[in-house]
Amino acid sequence: MEKTQKLAALFLLFTVFIACNSEQKKLSKHQPEEAGESLNALQNEGIDNPKDFVYKPDEFEAEPTKNSSAKDQRQVTGKTAQKQKVKKVHPKPTLGLYEKTQVPTETFEIDNTKEAVIYGSKGTLVSIPRNCFRTKNGKPVSGKVQIELKEVFSKADLLLSNLPTVSNGRMLETNGSVYINATAEGQPLELAEGRSIYVEVPTDGNPQDMLIFSGSFNEIGNMNWTPVGQLSKVMYTLPFETLDPRIPSMSQSILERIVQPENQNTFLATRNFKKRLNYIEESSAFHHKTDEIVEFYLRNKHLSLSDVDNKILNYFKGLAKCYPHVEVDDPSHKGVFKARKRYRDFYDEQLTRADLIYTHNVALSDENAYQQLLGKGLEEEKAAKVMQHHATRLALIEQKKRLMANRMKSNMSNIAKEFAENNFEIDRLGWINVDKFARMSSTSKLTVKYRKPGHVYTEAFIVFENRRSVISGKGDKGNKFCIFDRIPTGENAHIVLVGFEDDVPFAGVKKIITGKNEIEEVDLSKTNLVALEHKVMQLN
């Protein structure tokens, strides 16, 4: 009996030991799960890769107290991690820098029920028809509208505004970029159906092969340009007294024939023809044929300006064949080849016709002219277009008057540049670029390595000396180097590094000849906004 009681007691002790050991294993398994709750909580918040974020313990961990146990502290940490938001670090910190260095925004207020023309401080003209805007849900806007305008014409402004000239990986050459946006009472607007905005961008670049590109930033802030249209081939006519077609080497009789009333609706009354007159004057020292060349335009005014340009181009091509053995230093020889090139540029503009003045027997300057046009049977869209053209023409006349007021202070070559512009119509708001795809006879690949302090986030650009191009490369995940896959070979350029950390800018510049080296190392050092902008401006 006593032996049986001892065996029962031993069995009870063994059962208690097994139960306690099992409970301890459960506890040891549960504790790591609690410690890992903060990571699970982050993943449950929708974070796919926690490595893409910077975790600061004081953002989600409770401060331990003297009286709390280790287990209590673990429980508090796990619960707090579920409640607190984790701060996300943007994958492109330099966006904070570009907000400080980008070109400023100009703001204008217009009445959406009337035509409006605005001028940017750098020469951009924007002509807006009446009833041009509507809300995002399609409702008409009847009150005041705020227009935002940015103008980017230099390589430095392109870089400092985060606007590299690249279209789906292809290098572009630019004649300028503008940003146009519209809001009403703080709400974004869009263009109404059938409405378009006329834009003129001043430039001294050649419009050959130029296209209209629309720009958009991707989710991390990189710009890409997409072709959406072509430059306008139509020319606005202006009164002859405003154009002032006189040039010193042209006879009075030819001038009198130009300014006849029947020529007002021809290309003879356009700024584009005035630009050709200025070149005829500029080159008259070698050809001595001003009257003959202008007479040729007069006789062919019924043709498109492009067709007449082509005929004169062929004339200078023929002259060039007569000079195969003349010394290069001969002025006539040089003049003929320059003229051939210039008329090739004129022809490449492909200007077709003058924008004829149609009033429909309505005084378009009257306050109720729009209603009169509707009374003549014109549809709303057509009537709005007539009024927009009238407002644009008046604005161009005023602009020309201001330019001519400064004529005594300018020489002929400067006057010629004042007439150069790229004009086009847009059916969307946002970033618009006048660009062309870069032509390259040979290309090379370049790797740029960063020599930088610490872990400063860095971007690399290449700014070309003889092209209006600023391109960005593809950086590695570790942000230690950057690759430019396809760049023109044998050209002078600058590698520009831009960095940003803790609200402090960094920069580095190195001059190179593309294709000479496959790898370039560039130093990055701390700077300030003024010094950074000055350094980049020198690359224009």
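Strand S16 (residues 443–451) and strand S20 (residues 481–488) run antiparallel and are joined by six bridges. Strands here are DSSP E runs of at least two residues, helices are H or I runs of at least four, and both are numbered from the N terminus. Two strands count as paired if DSSP finds at least two bridges between them. The model is predicted: local features need pLDDT of at least 70, side-chain atom pairs count only at pLDDT 80 or more, and totals for chains, interfaces and linings use all residues. Residues are numbered from 1 along each chain as its sequence is written, and side-chain values use heavy atoms, with hydrogens and water left out.

Within the S16–S20 pair, valine 448 stands opposite cysteine 482 in S20. Both strands belong to an open sheet of four strands with mixed pairing and the order S19-S20-S16-S23. S19 and S23 stand at the edges with a single partner strand each, so one side of each has no neighbour in the sheet.

| Edge strand | Residues |
|---|---|
| S19 | 474–475 |
| S23 | 519–523 |

Helix H9 (residues 271–282) has 11 of its 12 residues buried (under 20% relative accessible area, 1.4 Å probe, protein chains only), so the rest of the structure largely encloses H9. Among the buried residues are Phe273, Leu277 and Ile280.

The largest nonpolar core (buried Ala, Val, Leu, Ile, Met, Phe, Trp, Tyr and Cys residues joined through side-chain atoms within 4.5 Å) has 38 residues, of which Ile258, Phe267, Tyr297 and Tyr343 touch the most other members. H9 is one of the elements that each supply at least two residues of this core; the largest share, six residues, comes from H12.

Definitions and conventions. Buried < 20%, exposed > 50% of the residue type's maximum accessible area, 1.4 Å probe, protein only.
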